[in-house]
Amino acid sequence: MYRIMKVLNNNGILVLDDQSGQEQILLGNGVGFGHRIGERMTRLPEGKRYELVKQKESALTRVNEIEPVYIEAAGRIIEEAEKVLGNLQHDILIPMADHIAMAASRIREHMEIPNPFLQDIQTLFEEEYAAAKNGVEILKNLTGLEFSEDEIGYITLHLHAGLAKENVAQSLETARLVNRCLGLIEEYMNKKLTADSLGYNRLVSHIRYMLARVRKGESANLDLEDYARHSFPKEYEAAAKVCQILEREMKLHFPQEETGFLAIHIRRVMGI
C-alpha cells in the first residue's frame, strides 16, 4: 500500500511505501493529476520511480523547499542521460533539483557563479558533459531560462556522481586535483599544455584514474619507474613533485610506480 505525501504537480507525486517505509518520487505525464495528499493506492501509476535515500529528516521536508518544476526537470535530465550513460543512482534527483533551483535563482538575479574547473570537467567527464548539455534544453523548455556552460559543468558533476557512486563534492575534488596537477606540470616543465590535443586528454584521463587507484588502494599494474627515471629525468622529477604534493593534500600514499607511469604521460604530452 502506498500513501501520497505530496502532489508535486500534474506530473509528479511523493509517496511512502507503507510496507518498506521507503519514500519515492514518481514522475511521468499525468501521474499527479486528480490525486490528493493522504490518498492511499495499492499500486502506483506508470512513471519513473526515484527511491530516496533514508535520512534523519523526511524527504517531504526537502521536497517542500524545492519548486516542483525543478524536480520534474532533474527527473527528465536523469531519464534522458540514462539513455546514453546507462543506469544512474536515483538518489541524485533531489540534490540535482536543489542545485538547479538555486542556479535558476542566481540567473534571475544576474549572479551566476563561474566554474573554475569547467575545462577539466569537460575533459574528465566527456559523456556526462554531453548529457548535461542536452539537459539544459530541457531546463530551457520548462523554465524559460538560459543556463550557462558553467552550470552545465555543475550538472555534469551530479550526473557523474550518479554514475560513479561518488558524491558531487568528490567529483569536484577530482576536477580540482587534476587542474592542480596540470598547473604543477606546466610550471615545472616551463611549457604550456595544449588543451585540445590528444596528449592532453590522455594526460587528464591518466591523472583521473591515478587518483581513483590511489583512493581505492589499487596498483597501476605497470612498473615503469626505473625506465622513466633513467630515460626522462626531467619528466620524472616533475612527476615525483606532483605525486609528493598529492600525497600531502590527499593524505594518501602514492606508490613509486605511479611516478614512473605519470612521467611517461608527461613526456608524451610535452612532445619533446
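Me: Which helix is R108 found in?
Reply: Look along the chain for the helix that holds this residue: R108 sits in α3. Keep in mind that this is a predicted model.

Me: Is R108 buried, exposed or partly exposed?
Reply: Here you need the cut-offs: under 20% relative accessible area is buried, over 50% is exposed, and anything in between is partly exposed. R108 has a relative accessibility of 47%, so it counts as partly exposed.

Me: Which residues is R108 in contact with, once its neighbours within four places in sequence are left aside?
Reply: Those would be Y70 and L145. Take L145: it is 37 residues away from R108 along the chain, yet the two C-alpha atoms are separated by 8.3 Å.

Me: Okay, now zoom out. How many helices and strands does the protein chain have?
Reply: There are 11 helices and five strands. The C-alpha atoms fill a box of roughly 75 × 40 × 30 Å along the principal axes. Of the 272 residues in the chain, 50% are buried.

Me: What should I look for inside?
Reply: Start with the general idea: in soluble globular proteins, nonpolar side chains tend to be buried together. In this model, the largest nonpolar core has 42 residues, and I25, I71, L93, M96, I100, F147 and L159 have the most contacts inside it. Several elements supply at least two residues each, including β1, β2, β3, α2 and α5.

Me: Which element gives the largest share of this core?
Reply: That's α3, with nine residues. One residue to click on is I100, which touches Y70, A74, I77, L139 and F147, if you skip residues up to four places away in sequence. There is also a second, separate core of 39 residues, and I121, L177, C181 and V204 are among them.

Me: Let's do the sheet. In what order do the strands of the open sheet come?
Reply: Read across the sheet and you get β4-β1-β2-β3-β5, with antiparallel pairing.

Me: Why is one side of β4 and of β5 left without a neighbour in the sheet?
Reply: Both stand at the edges, and each has a single partner strand, so there is nothing in the sheet on the other side.

Me: How do I follow the pairing from strand to strand?
Reply: Go pair by pair and look for residues that stand opposite each other. β1 and β2 are antiparallel, with six bridges between them, and Y2 faces D17 in β2. Next, β2 and β3 are joined by five bridges and also run antiparallel; V15 has Q24 in β3 as its bridge partner. Then β3 pairs with β5 in the antiparallel sense over four bridges, where Q24 stands opposite E51.

Me: What links β2 to β3?
Reply: The two form a hairpin, with five residues between them. In the turn, G21 has a positive phi of about 75°.

Me: And which way do the side chains of a strand point?
Reply: In a regular strand, they alternate between the two faces of the sheet. You can see it in β3: E23, I25 and L27 point one way, while Q24 and L26 point the other way.

Me: Are the residues of β3 buried or exposed?
Reply: Five of the five are buried, so β3 is largely enclosed by the rest of the structure.

Me: Last one: what about charge?
Reply: Count the charged side chains, then compare where the two sets are centred. The chain has 33 positive and 41 negative side chains, and the centres of the two sets lie 2 Å apart.

Terms used: Residues are numbered from 1 along each chain as its sequence is written. This is a predicted model: local features need pLDDT of at least 70, side-chain atom pairs count only at pLDDT 80 or more; totals for chains, interfaces and linings use all residues. Side-chain values use heavy atoms; hydrogens and water are left out. Buried means under 20% relative accessible area, exposed over 50%, partly exposed in between (1.4 Å probe, protein chains only). Lys and Arg count as positive and Asp and Glu as negative; His and the chain ends are not counted. The place of a charge is taken as NZ of Lys, CZ of Arg, CG of Asp or CD of Glu. A nonpolar core is a set of buried Ala, Val, Leu, Ile, Met, Phe, Trp, Tyr and Cys residues joined through side-chain atoms within 4.5 Å. Contact means heavy atoms within 4.5 Å. Two strands pair if DSSP finds at least two bridges between them.
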